[in-house]
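Trainee: Got a minute? I'd like to go through the charged pairs in this one with you.
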Amino acid sequence: NVSLSDSQWHTLILAVSGQSFSLTVDCSVPKDVVVETPFPASLSVRRASFYLGNRRRRKGVFTGLLRQLVLLPGADATPRICHAVNFKVATLSVPSVLQDVPAKPVSNEVLKYPYETDMKVTLGARPRCSKQEKAQFWFNASRRGLYLCNGSTWLSMLEVQHRLDYVEEYQNLVTNSETMGVEVFTIPKVGLFAATANRLTPPGSAIYRWTDGKFVHYQNIPTHQAQSWKYFTIGKKIFLAVANFEQDERGQEFSVIFKWSRRKAKFITYQRIPTHSARDWEAFVIQGEAFLAVVNHREGNNHNIDSVIYRWNPRTGLFEANQTIPTSGAYDWEFFTIGPYSFLAVANTFNGTSTKIYSHIYIWLSGSFQLFQSILTFGAADWEVFHIGDRVFLAVANSHSYDSGMPAPSNFYAINSSIYELNITAQMFVKFQDLLTYSALDWEFFSVGDDSFLVVANSFDGFTFSVNSIIYRWQGYEGFVAAHQLPTVGCRDWEVFHTAEGSFLLYSSAKEPLSKVLKLKTT
């Protein structure tokens, strides 16, 4: 923030390493600002000097107050720029109803409640809130929040929401082998866990437990080129299903549902289900009934096969086949609800000749899923549904463009992934935004404070698996805008989770036995 004198128009010139970039701003009203010279995406500031602004020679020597200059490598400084001309405005805005407290009596009116003498604002650490402190305020300086005691607990009156500032590496998680997918879940009264779906059969996949602020190995589970895990509960029963891509030692091809044993404090085998190069499980409940859907990717060289939806039989305590849906080299199921309606979207990837095929959205009607809408996708690997306010979005991760009957593109893997929004009037999802991705395999939606984000798993750019994955921030009418670049290697899956230590992202690598935990640093 730079405070200049009388003129509302100011020019800011930033000179770094021999390059200068000028920016003229009018701080009297909000407006879009375009730099005269595009600022480089990456710029070294080692031994650099900064020259800030002037009022032009004809108006005399520059005079003013440089209030703050912060260099944040990799951080998002967008919310810090030019908020108001009046720098006395407090960061924490106080509602007008509280600005005149304590109230003054009008003329000779007698106050009914002698609260002027009781009004008190406590600073410092969290004080006690009892009947004696009722109606008193506490200002928490660290969180910039104002709280009111109701006689037993402190109620938030004003609180500054956290904002995502930047992302930092927090833990290198060494895995049994390359990790195709990861699932983070919480077992009540036990703790937070992460299950990794690992490629190599021995020693199989692993489960890690969050201990002392990091993931620690907890249990190995035999799997056969595992692709993904799905955690779900039915009543008090806790389950974890793995999608196996290969046959076992006996030549049998099963995916397995494991059940949490409270006595052993381990997951044990519960039910084996025949699958065909399974990629993903999705668990959901409709009208009180539990379902489990598996994505069958291919059978031999045939990619056009049925995927299966299983229904929980409470009498036998087993999942039984309920419905089959034709899919093409499918990768992912995504279940979601809108009002009273239930939907299931499948990401079709390859039909044997092309990745340019339709993926489908099904709606639950009269006891089964029926086709609702078809959307053209390009090697679709993932659907992600999310809500922003009252709006419903559906994002598809397109992995590559290939068609045996068409000329090869210059790059199979640099391709748009798309975000669709539900149009209530048209009763269908319509395209909202395209984002350039590089063999995208996963989307993950998350929020920090009042801000919404999407992170994409970019896995391959046609030349290398060392590709930046991107965090996009929701910007309203601008849609999603790139905010952070995260170095990843063969990124396959993202998971967001929250602990007492903060909020984190976990990504799995399909190209090296190393996954990473990243911490979301907030302000």
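Mentor: Sure, let's talk through the salt bridges here. This is a predicted model, where local features need pLDDT of at least 70, side-chain atom pairs count only at pLDDT 80 or more, and totals for chains, interfaces and linings use all residues. Residues are numbered from 1 along each chain as its sequence is written, and side-chain values use heavy atoms, with hydrogens and water left out.

Trainee: How many salt bridges are there?

Mentor: The count is 9, taking a salt bridge as a side-chain nitrogen of Lys or Arg within 4 Å of a carboxyl oxygen of Asp or Glu.

Trainee: Which residue does D451 pair with?

Mentor: R163, with the closest N and O atoms 3.7 Å apart. D451 is in strand β31 and R163 in the loop between β8 and β9, 288 residues apart; strands are DSSP runs of E, at least two residues, numbered from the N terminus.

Trainee: And is D451 buried or exposed?

Mentor: Buried, at 14% relative accessibility, while R163 is partly exposed at 33%. Buried means under 20% relative accessible area, exposed over 50%, partly exposed in between (1.4 Å probe, protein chains only).

Trainee: Switching over, what about E169 and K516?

Mentor: Their side chains form a salt bridge at 3.2 Å, N to O. E169 sits in strand β9 and K516 in strand β36, 347 residues apart. E169 is exposed at 53%, whereas K516 is buried at 16%.

Trainee: Which residue meets E178?

Mentor: R199, at 3.3 Å from N to O. E178 is buried at 16%, and R199 is partly exposed at 32%.

Note on methods. Helix = DSSP H or I, 4+ residues; strand = E, 2+ residues; numbered from the N terminus.
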